[in-house]
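Visitor: Before we look together, could you take me through the reasons behind the labels you use, rather than the labels alone?

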Amino acid sequence: MMELLQTLQQAGQNLLGPAWLPTWTAIKIVVIVAPLLLGVAYLTLAERKVLGFMQIRPGPNRVGWWGLMQPIADGVKLLFKEIIIPTGANKFLFIAAPVLSIAPALAAWAVVPFDDGLVLANVNAGLLFLLAMTSLGVYGIIIAGWSSNSKYAFLGALRSAAQIVSYELAMGFALVCVLLAAQSMNLGDIVRGQSGGYGFLHWYFIPLFPMFVVYFIAGVAETNRSPFDLAEGESEIVAGFHVEYSGMGFAIFFLAEYANMILIAALTTLMFLGGWLNQFHNWPVLGAVTDLIPGLFWMLGKMSAMLFVFLWFRATFPRYRYDQLMRLGWKVFIPLTLIWVVVVAAWMQTPWWVW
């Protein structure tokens, strides 16, 4: 695929010269965003199917073969539903809030490499860009709760914002450990730093295992997913910050949550699980066979495994209480990440650091 993209780029440059570059950038954006939106739609179906199997029921099975057209039917239904704006709401902010929620989740993919060289923007400060983009999503939630002119929505927005901010710190400190290990903020360099002759034994999840666990759990909490979906506790505050939204407004919040899930799975794969690298590289027989598989498929396979864990959590754990949620973020994760930053920095000064 990478060779095909490079050939198309060279052909466009030969035909149109510098005028080709904006068009080529737009093509690359479409190539990334279109499959992402399709993946978001079908992740909803995968969730319903996985939960159905775990609860011994079929899940969606009426629209299309095996229910495969269910996401399309849901999208069409939401598209034609009436959008009701509450009396007294700030109409501009009410409409802008879903956009502010999903835009950072899509913009973050600009620096995510899917294979060696297969990236929209190979930015040296890619890790910093990701931290900035993932931090912006909280504004959409706060604005949605405030602009709705509803006490239920405002309460849900405050709880959700407090949750996101507290776990954002733990995620940031976990990434500091990755930055120390890789000595680079370029995501491609971070993945290449995990390559070696022993396959997955070079991946950062081994020396940074506590940070791997903290980062993924904090990612589950930051995306407001079960068991940390306090903002949507039906028995407590109806449906959280988006209680007043209907139609496509609600759909965009829904899509933003699943887009963030896919982003967290991708970042976990890049930072700790070797990204597009083959875990069986240089193994006697298995390595020679699996090295024929393109890196893009390894990347997507690892992301799918992490997304399955998201769905597994929802089927397994009961919802946390709010005090438990805050205590886990502030009193467990943040001290643990601070300690591990010191441990990794000291470990790297010894001969026993082999990564």
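Guide: What follows is a set of questions and answers about this structure, which is a predicted model.

Visitor: What makes Q70 count as buried?

Guide: Q70, which is found in helix α3 (residues 70–80), has a relative accessibility of 13%, and because buried means under 20%, Q70 counts as buried. Leaving out residues up to four places away in sequence, Q70 touches L45, R48, P60 and V63.

Visitor: Why is L93 called partly exposed?

Guide: The relative accessible area of L93 is 22%, and since buried means under 20% and exposed means over 50%, L93 falls in between and is therefore partly exposed. L93 has its place in helix α4 (residues 91–107), and, not counting residues up to four places away in sequence, L93 touches I143, W146, S147 and Y245. The C-alpha atoms of L93 and A144 are separated by 7.2 Å, with their positions 51 residues apart along the chain.

Visitor: Why does I56 count as exposed, and what can be said of its phi?

Guide: I56 has 80% relative accessibility, and because exposed means over 50%, I56 counts as exposed. The phi of I56 is positive, at about 55°, although I56 is not a glycine, and the residue has its place in the loop between α2 (20–54) and α3.

Visitor: Why does W66 count as partly exposed?

Guide: The relative accessibility of W66 is 42%, and because the partly exposed class lies between the 20% and 50% cut-offs, W66 counts as partly exposed. W66 lies in the loop between α2 and α3, and W66 has a positive phi of about 60° although it is not a glycine.

Visitor: How do you know that K49 lies over the face of W66?

Guide: The distance from K49 to the ring centre of W66 is 4.2 Å, set against a limit of 6 Å together with an angle within 35 degrees of the ring normal, and K49 is accordingly listed as lying over the face of W66. R159 lies over the face of Y322 in turn, at 5.0 Å from the ring centre.

Visitor: How many aromatic pairs are there, and what makes the pair of W109 and F114 stacked?

Guide: The count comes to 23 aromatic pairs. In the pair of W109 and F114 the distance is 5.8 Å centre to centre, with 5° between the planes, and because centres must lie within 6.5 Å and planes under 30 degrees apart count as stacked, the pair is stacked. W109 is buried, and so is F114.

Visitor: Why is the pair of Y167 and F333 called edge-to-face?

Guide: The ring centres of Y167 and F333 are 6.0 Å apart and their planes stand at 80°, and because planes over 60 degrees apart count as edge-to-face, the pair is edge-to-face. This pair links distant parts of the chain, with Y167 in helix α6 and F333 in helix α13 (residues 322–347), 166 residues apart. Both Y167 and F333 are buried.

Visitor: Which residues form one aromatic cluster?

Guide: One aromatic cluster is formed by F200, W203, F205, F209, F212, Y215 and F272.

Visitor: Which residues line the largest cavity, and how much space lies in it?

Guide: The structure holds one cavity of 30 Å³ or more, and about 50 Å³ of space lies in the largest cavity. Its lining is made of L130, L131, T134, E168, M171, L175, Y215 and L267, with α5 (126–147) and α6 (151–182) each supplying at least two of the lining residues. By class, the lining has six nonpolar, one polar and one charged residues.

Visitor: Why does F280 count as partly exposed?

Guide: F280 has 22% relative accessibility, and because that value is not under 20% and not over 50%, F280 counts as partly exposed. F280 lies in the loop between α10 (247–272) and α11 (286–290), and, leaving aside its neighbours within four places in sequence, F280 is in contact with L286, G287, T290 and W298.

Visitor: Which residues does a cis peptide bond join?

Guide: A cis peptide bond joins S226 and P227, with omega about 10°, and P227 is found in the loop between α8 (209–222) and α9 (234–237).

Technical notes:
Residues are numbered from 1 along each chain as its sequence is written. This is a predicted model: local features need pLDDT of at least 70, side-chain atom pairs count only at pLDDT 80 or more; totals for chains, interfaces and linings use all residues. Side-chain values use heavy atoms; hydrogens and water are left out. On a 1 Å grid over the protein atoms alone, a cavity is a set of points where a 1.4 Å probe fits but cannot get out, and a pocket is an open set with protein on both sides within 12 Å along at least five of seven lines; lining residues have an atom within 4 Å of a point. Grid points are joined across faces, edges and corners, and a volume is the space filled by probe spheres set on the points. Helices (H or I, at least four residues) and strands (E, at least two) are DSSP runs, numbered from the N terminus. Ala, Val, Leu, Ile, Met, Phe, Trp, Tyr, Cys and Pro count as nonpolar, Asp, Glu, Lys and Arg as charged, and the others, Gly among them, as polar. Buried means under 20% relative accessible area, exposed over 50%, partly exposed in between (1.4 Å probe, protein chains only). Contact means heavy atoms within 4.5 Å.
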